Amino acid sequence: MNLIRRSLFTLALAVPAAAALAPRAMAASPEVYNEDGIAVDGSDVVAYFTEGKPVVGDAAITHDYLGVTWRFSSEENRDLFAANPEAYAPQYGGYCAFAVSRGGIATTVPEAWRIVDDKLYLNFSLQVQGFWLEDVPGNIAKADANWPGVLA
């Protein structure tokens, strides 16, 4: 119980601090979450749909979309993505769906994911995903209203 309270207290302190810094960080944010030009930590986004789990993409099997390189675990997954990237690319450019619902952005981890109405949503962490899951439709509606304005 103390760990939960401590985590919530830490989150409560971190959110206002992050919000104060967010306008400067958001102004320079790219449309797709990436590090060194590799989208969403190099995860194969098609695998979330076909295998039901995060899978690391292969650096030799890629497709460029929205100015970044997407990695895939198989040529079949790459070809599926290339034929219809909007069907597989995560919502909000792969940024944390909960953060976008709150008017900001945050990076994501491959393990914190959910497919809702055939759309992929990622979160900052499994703990943050827990907050997002408390009201998925409401959080999606808020994030949809905020996106892509949070990048500007």
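**Briefing: confidence, a β-hairpin, a pocket and Q127**

Residues 1–14 keep a pLDDT under 50, and the model gives them three contacts beyond four places in sequence. A second such stretch, residues 16–27, also has pLDDT below 50, with eight contacts beyond near neighbours in sequence. This is a predicted model. Across the chain the mean pLDDT is 87, and 82% of residues reach 70 or more. Where pLDDT is low, the predicted coordinates should not be read in detail.

**Hairpin of β3 and β4**

- Strand β3 covers residues 58–65, and strand β4 covers residues 68–72.
- The two strands, β3 and β4, pair in the antiparallel sense. Five bridges join them.
- One bridge can be named: T62 has R71 in β4 as its partner.
- Two residues lie between the strands of this hairpin. L66 takes a positive phi there, near 55°.

**Two faces of β4**

- Side chains alternate along β4.
- V68, W70 and F72 point to one face, and these residues are buried.
- T69 and R71 point to the other face and are not buried.
- R71 thus appears twice here: it is the bridge partner of T62, and its side chain is on the face of β4 that is not buried.

**Second largest pocket**

- The second largest pocket holds about 230 Å³ of space.
- Its lining consists of 13 residues.
- Nearest the centre of this pocket lie A89, P90, Q91, Y92 and G93.
- By class, the lining has eight nonpolar residues, three charged and two polar.

**Q127 in helix α6**

- Helix α6 spans residues 126–133 and includes Q127.
- Q127 counts as partly exposed because its relative accessibility is 44%, a value between the 20% limit for buried and the 50% limit for exposed.
- A112 is 15 residues from Q127 in sequence. In space, the C-alpha atoms of Q127 and A112 are 8.5 Å apart.

Technical notes:
Residues are numbered from 1 along each chain as its sequence is written. This is a predicted model: local features need pLDDT of at least 70, side-chain atom pairs count only at pLDDT 80 or more; totals for chains, interfaces and linings use all residues. Side-chain values use heavy atoms; hydrogens and water are left out. pLDDT is the predictor's confidence in each residue, from 0 to 100. Contact means heavy atoms within 4.5 Å. Helices (H or I, at least four residues) and strands (E, at least two) are DSSP runs, numbered from the N terminus. Buried means under 20% relative accessible area, exposed over 50%, partly exposed in between (1.4 Å probe, protein chains only). Two strands pair if DSSP finds at least two bridges between them. On a 1 Å grid over the protein atoms alone, a cavity is a set of points where a 1.4 Å probe fits but cannot get out, and a pocket is an open set with protein on both sides within 12 Å along at least five of seven lines; lining residues have an atom within 4 Å of a point. Grid points are joined across faces, edges and corners, and a volume is the space filled by probe spheres set on the points. Ala, Val, Leu, Ile, Met, Phe, Trp, Tyr, Cys and Pro count as nonpolar, Asp, Glu, Lys and Arg as charged, and the others, Gly among them, as polar.
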